[in-house]
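Welcome! Take a moment to look over the sequence and turn the structure around on your screen before reading on.

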Amino acid sequence: MISRMNWKPGISIIVKHPNNLMKVVLSALLITISILGSFWLPVQSAPRQAPTAYEVIAAVNALRASYGLDPYLVDGLLMISAQGQADYLAGMAPAIVDGHTGPGGTDADQRAFNVGFPYVEGLDINENWASLPEGASVETLIYEVWGDEIHMHTMLHDRGQLVGMGVAQSGDQFYYVLDVAAYWGDAGLTAQPTTLAYGEGAATQQYVSQFIAPVIKAEPQADGSIVHAVQSGQSLYMLAQHYGVSIDNLRALNGLQNSDTIYIGQKIIVRGPTPATDTPAQTAAPTSSAATPVPTMRLQMTAAAVETTQAPFDTLAALGLEDSLWFLIFFVLFAIGLLLVAAGTANR
């Protein structure tokens, strides 16, 4: 039996097997819908790995270099001690009372001695620890979680020489332990030797100071603004730490919305111009009360005007379709083409 379908005047398609044609058409539609759906569904990136122990040490040494301090040397036994404490904290999570207290109530010094770290008169093990969710960056750890004076002291210890770092995971939380061996008295006058463990060698050392230029604070300009010229190895987080400002403030002042990447020679605004104040007018005759100077509001009004001036609303951008619009049009045409091909094949 032959059935006839007229789509337009002058176009006639004869279908010998209507059931088979329907299967082909439905298959084509399903494929097209699946492809189109990939442009509408949100894409989630894979979780980033947590910073490794050596990446954290490298970041700490970069921070030290920015202050003109020598880098810490990686010590194998301190690495074992710090890793053991990180593992212990991960095993105790979430019931952690004090992250500096280890198995049996031990502190950082006792744990280092337990793994064989050599004791000398004047040795003091300083320790930082933290718990961060998966995906947190090393900058968040160094400059935000450990950005206060106490934790910075451990990383910027002027008598610190050797370092160990441990990282452990429990669920979606990562636990970080940083141990620094500082030497006082006569022991601090000479470089203490590092101890090796598990076959590690000089390749494990993170010598980054030669790539990091110390941060020298820029002087305020005539209008009160402060602009820093980026030098080798300096990061936005590093500048925020040195100038005592927030990372969000630096991003806002310099229009860094999607990236914290800065470049050598780039001018980073640390502080904008300071609003000027009017000088009270001098009067020839004394009066009973002096006029109070009124600060000018010119800069504030300008800032408000900028904030209230919004770009035209872009519907496609708001929906996230501006990059995929042409693909959608293409696949709609592709679907129509599949239907025509399927119908033509069935006609044969």
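This report walks through confidence, the nonpolar cores, the aromatic pairs and two residues worth a visit.

**How confident is the model?**

What you see is a predicted model. Averaged over the chain, the pLDDT is 75, and 61% of the residues score at least 70. Two stretches deserve some care. Over residues 40-47 the pLDDT stays under 50, and the model has three contacts for them beyond four places in sequence. Residues 287-322 also have a pLDDT below 50, with 18 contacts in the model beyond near neighbours in sequence.

**The nonpolar cores**

Let's start with some background. In soluble globular proteins, nonpolar side chains tend to be buried together. Here, the largest nonpolar core has 44 residues, and the members that touch the most others are Val56, Ile142, Trp146, Met165 and Tyr176. Helix H2 (residues 53-66) provides the largest share of this core, with seven residues. Where does this core lie with respect to domain 1 and domain 2? It lies between them, because domain 1 (53-187) and domain 2 (226-271) both give residues to it.

Trp146 is a good place to zoom in. Beyond four places in sequence, its contacts include Val56, Trp129, Leu141, Met155, Met165, Tyr176 and Leu178. There is also a second, separate core of eleven residues, with Leu77, Leu78, Ala112 and Leu123 among them.

**Two aromatic pairs**

Now look for rings that sit beside each other. The count comes to two aromatic pairs, and the table sets them out.

| Pair | Distance between ring centres | Angle between planes | Type |
|---|---|---|---|
| Phe113 and Tyr119 | 5.6 Å | 90° | edge-to-face |
| Tyr143 and Tyr237 | 5.7 Å | 35° | tilted |

Why is the Phe113 and Tyr119 pair called edge-to-face? The planes of these rings stand at 90°, and an angle over 60 degrees counts as edge-to-face. Phe113 is partly exposed, because its relative accessibility is 28%, which falls between the limits of 20% and 50%.

The other pair links distant parts of the chain: Tyr143 belongs to helix H5 (residues 138-145) and Tyr237 to helix H7 (residues 236-243), 94 residues apart. Are these two tyrosines buried or exposed? Tyr143 has a relative accessible area of 12%, so it is buried. Tyr237, at 10% relative accessibility, counts as buried too.

**A closer look at Tyr237**

Which residues does Tyr237 touch, leaving out those up to four places away in sequence? They are Glu139, Tyr143, Glu144, Ile247, Arg251 and Asp260. With Arg251 there is a polar contact between the two side chains, at 3.2 Å. You can also find Leu250, which is 13 residues from Tyr237 along the chain; their C-alpha atoms are separated by 9.1 Å.

**A polar residue inside: Asn126**

Finally, find Asn126 in strand S4 (residues 123-133). Asn126 is buried, because its relative accessible area is 13%, and buried means under 20%. A polar atom of its side chain lies 3.3 Å from the backbone oxygen of Asp124. Setting aside neighbours within four places in sequence, Asn126 is in contact with His153, Thr154, His157, Leu178, Asp179, Val180 and Ala182. Leu178 is also one of the residues in contact with Trp146, so you can step from one to the other in your viewer.

Note on methods: Residues are numbered from 1 along each chain as its sequence is written. This is a predicted model: local features need pLDDT of at least 70, side-chain atom pairs count only at pLDDT 80 or more; totals for chains, interfaces and linings use all residues. Side-chain values use heavy atoms; hydrogens and water are left out. Helices (H or I, at least four residues) and strands (E, at least two) are DSSP runs, numbered from the N terminus. Buried means under 20% relative accessible area, exposed over 50%, partly exposed in between (1.4 Å probe, protein chains only). A polar contact is a pair of N or O atoms within 3.5 Å; within protein, one must be able to donate a hydrogen and the other to accept it, and residues adjacent in sequence count only if both atoms are side-chain atoms. Contact means heavy atoms within 4.5 Å. A nonpolar core is a set of buried Ala, Val, Leu, Ile, Met, Phe, Trp, Tyr and Cys residues joined through side-chain atoms within 4.5 Å. Domain bounds come from an automatic or database domain assignment. pLDDT is the predictor's confidence in each residue, from 0 to 100. Rings of Phe, Tyr and Trp (its six-membered ring) pair if their centres lie within 6.5 Å; planes under 30 degrees apart count as stacked, over 60 as edge-to-face and the rest as tilted.
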